[in-house]
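Reader: Could you take me through the enclosed spaces inside this protein? I'd like a close look at what lines them.

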Amino acid sequence: MRSVLDNTTEALRRAGREGEVFLSLLQDRARAEARQSDGRTERLSPLDGSTVSWKDMIAIKGATPRAGSAHWRPESPAPADAEVVVRARKAGLVSIGVTNQSELAFSGIGYNPHHGTPMIEGRIPGGSSSGAAASVARGITRLAVGTDTAGSCRVPAAFLGVVGFRPTRGRYPTSGVMPLAPSYDTVGSFARSVADIIELDAILSGDNAHPDIASGLAVLSDVLDASDVSAPVSQRCKEAVTALGQAGVLLEHTRQSPLDEALALIRAGGWPGAIEAAETYGHLLETESAPHLDPFVAARLRASAGLDPDKIAHVKQGARALRKTVRASGTIYLLPTVAIEAPHLAPLLEDPETFAATNTAALRLTMPASLLDLPAISLPVGKTNAGAWVGVQLVGPPDCDRTLLATAAIVETLLMQKETLT
């Protein structure tokens with residue numbers, strides 16, 4: 001049986017060869033934490049000795065968080081670990097390094113012109129937590145921690161074929177985590193299995209409850225059949241729904257839900273998180289850093305600053321009412337994570353309008369859960385004929401994270417059984 005130090009040394013070696021995934025490695029710290037894990041007679045948690053990576057928005061003592069930027073950065077290294085890092089260390093996790101991302105975390109594409117883009121066969125990885133998802137997808141770390149504002153954990157999870165979780169906002173501490181849009185930011189996580197997400201959630205939240213699973217799922221049939229959901233994505237998600245039904249899961253097919261209404265609100269009034277992002281980082285457009293910003297991120301910041309505040313206020317008001325509806329119903333919804341297959345990056349870089357449209361398409365189906373502050377998880381459901389991963393998204397009531405995760409674990413098992421049988 002390999003030691004934790006052996007596994008850590010291998011993870012560091014592989015991470016060092018994946019420059020577009022990792023921005024920096026925590027060589028000394030990782031080896032020290034691994035030796036401590038090997039020397040313990042009692043495990044601190046079920047994940048003691050497991051490797052983990054951290055998105056470049058999360059403070060690591062002695063490292064300088066850069067938010068994926070090459071020029072703009074805080075003035076000095078972080079004096080202390082973010083609270084989520086502290087909790088992970090106390091549970092025995094081994095921190096391998098800091099992962100790449102979309103600059104300022106303000107893109108669902110995952111492109112980074114400064115540090116490279118962790119693509120898969122030329123396709124975009126999704127963002128903004130691209131490197132975090134890639135560190136798990138490429139088998140470098142067992143776990144990864146990122147952030148999710150409008151879909152930044154779920155989108156790359158769907159595009160790279162791993163599990164990505166966004167908790168209810170406030171479930172995990174955000175001290176030491178750089179903001180994007182504070183009203184919508186959360187810390188989120190990646191793993192290859194829901195079981196690992198459940199264990200990591202208990203560590204980061206302090207909640208290790210074992211709730212009953214949901215009695216059934218509400219399938220958003222209108223979304224599955226929508227014209228702006230690509231046929232291959234719809235097909236894979238429908239196959240997953242059929243498999244769940246055949247396995248005995250109670251499914252309610254609905255063509256109207258609070259998530260549909262949230263989609264309509266965003267379409268009509270805009271994404272409120274965009275205005276907050278402009279408030280957080282718009283000042284960079286007037287500094288000497290402006291010429292060095294990712295031009296696609298800079299363009300989105302400019303556009304976001306021009307959103308109509310009255311329309312945004314209407315979106316927020318409607319969201320509060322819809323969130324109460326979801327809480328009262330206790331429903332867990334099923335829909336695609338992303339409406340499109342991950343496109344190849346090269347054509348997007350040639351046309352800013354196509355880039356912007358693709359960014360909108362990538363985030364469209366993850367934004368509703370963020371707007372209503374609902375926990376959501378993306379599970380892989382296979383690849384299209386063209387070789388692109390597809391994810392299905394489960395969205396639960398606010399503060400019912402453990403129920404959502406327990407339900408997702410059952411769904412994952414049933415879908416894995418389906419793959420084994422076919």
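Author: Quick bit of vocabulary before we dig in: the helices here are DSSP runs of H or I, at least four residues long, and they are numbered from the N terminus. Keep in mind, too, that this is a predicted model. The protein chain has a mean pLDDT of 96, with 99% of its residues at 70 or more. Confidence does vary along the chain: among its elements, strand β5 (residues 163-166) has the highest mean pLDDT, at 99, while helix α16 (residues 401-421) has the lowest, at 89.

Now, the spaces themselves. The structure has 2 cavities of 30 Å³ or more. Let's start with the largest, which holds about 90 Å³ of space. It is lined by 15 residues, and the ones closest to its centre are A105, F106, A150, L180 and R300. Which helix gives the most to that lining? That's helix α10, spanning residues 272-281, which puts in 3 residues. As for chemistry, the lining of this largest cavity splits into 8 nonpolar residues, 6 polar ones and 1 charged one.

On to the second largest cavity, with about 30 Å³ of space. Here's the full cast around it: I120, E121 and R123, then F159, and finally G387, A388 and W389. Sorted by class, that lining comes out as 4 nonpolar, 1 polar and 2 charged residues. The charged pair is E121 and R123, since Glu and Arg both count as charged. G387 is the polar one, because Gly is put with the polar residues in this scheme.

Technical notes
Residues numbered from 1 in each chain as written. Predicted model: local features only at pLDDT ≥ 70, side-chain atom pairs only at ≥ 80, totals over all residues. Heavy atoms only, no water. 1 Å grid on protein atoms, 1.4 Å probe; cavity = no way out; pocket = protein on both sides within 12 Å on 5 of 7 lines; lining within 4 Å. Points joined across faces, edges and corners; volume = space filled by probe spheres on them. Helix = DSSP H or I, 4+ residues; strand = E, 2+ residues; numbered from the N terminus. pLDDT = per-residue confidence, 0-100.
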